[in-house]
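Thanks for coming. I will take a few minutes on one model, and the sequence and coordinates go up now.

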Amino acid sequence: MTLSITTLYTLPLVALWFPLWIRVSSARTKADCWIGDNGNKALLLTIRHHGNFIEWVPFVLVLMILAEAQGAGSAWLHAAGILLVIGRFAHPFGLKAENVAHPMRYVGNGTNLLAVAILAVALLRIATGI
């Protein structure tokens with residue numbers, strides 16, 4: 001069994017994860033802070049950009065893997081994958097200390113909630129035979 005649709009959406013996410021990780025490592029080096037943020041707001045924000053990615057992406061990809069492995073239709077998977085990628089690319093631009101209500105933050109979180117909802121419905125349909 002191949003998970004080609006999930007793989008398709010995993011690749012751009014890997015491409016985003018790497019620079020987010022590099023930014024945290026670089027910011028930690030610059031701040032000489034290896035654990036926590038030492039009260040450095042810029043470091044905290046960089047950590048949260050990466051952290052939010054790490055909080056969402058594995059969870060949604062596991063749902064995608066489960067759905068694809070159990071034969072969910074490609075429309076369900078593509079809808080969730082597109083929303084996940086859009087959300088993860090939008091979120092770092094919207095997560096700003098000076099504007100907690102930035103529209104891109106809402107796009108980032110909202111699209112990811114929709115991706116989870118789509119996959120939950122697809123899995124429910126598979127599990128119940130509806």
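I will go through the overall fold, the helix packing, one salt bridge, one surface patch and a few loop residues.

First, the ground rules. This is a predicted model, in which local features need pLDDT of at least 70 and side-chain atom pairs count only at pLDDT 80 or more, while totals for chains, interfaces and linings use all residues. Residues are numbered from 1 along each chain as its sequence is written, and side-chain values use heavy atoms, with hydrogens and water left out.

Start with the fold. The protein has four helices and zero strands, in the order α-α-α-α along the sequence. Helices here are DSSP runs of H or I with at least four residues, strands are runs of E with at least two, and numbering starts at the N terminus. The C-alpha trace spans about 55 × 30 × 20 Å along its principal axes. Of the 130 residues, 38% are buried. Buried means under 20% relative accessible area, exposed means over 50%, and partly exposed is in between, with a 1.4 Å probe and protein chains only.

Now the packing. Two packed helices are described by the angle between their axes and the distance between the axes. The axes are lines fitted to C-alpha atoms, for helices over the stretch in contact, and the angles run from 0 to 180 degrees between N-to-C directions. How do α1 and α2 pack? Their angle is about 160 degrees, with the axes 9 Å apart, so the two helices are roughly antiparallel. Helix α2, residues 41-69, also packs with helix α4, residues 103-128, at about 25 degrees and with axes 10 Å apart. That pair is therefore roughly parallel. The cut-offs are under 35 degrees for roughly parallel, over 145 for roughly antiparallel, 65 to 115 for roughly perpendicular, and oblique for the rest. The crossing of α1 and α2 is left-handed, and so is the crossing of α2 and α4. Left-handed means that the near helix is turned anticlockwise from the far one by less than a right angle; clockwise would be right-handed.

Next, the charges. The structure holds one salt bridge, defined as a side-chain nitrogen of Lys or Arg within 4 Å of a carboxyl oxygen of Asp or Glu. Which side chains form it? They are R48 and E55, at 3.0 Å from N to O. R48 is partly exposed at 30% relative accessible area, and E55 is partly exposed at 48%.

On the surface, W17, F18, W21, I22 and I54 make a nonpolar patch of about 440 Å². Patch residues have over 30% relative accessible area and no salt bridge; nonpolar side chains (Val, Leu, Ile, Met, Phe, Trp, Tyr) are joined within 5 Å, and like charges within 9 Å. The areas come from the Shrake-Rupley method with a 1.4 Å probe, and for residues only the protein chains shown count as cover. Helix α1, residues 4-31, gives the largest share of the patch, four residues. W21 is in α1 and is partly exposed at 37%.

Last, the loops. Most residues other than glycine have a negative phi. D32, not a glycine, has a positive phi of about 50 degrees, and N38 has a positive phi near 55 degrees. D32 lies in the loop between α1 and α2, as does N38. D32 is exposed at 58%, and N38 is exposed at 65%.
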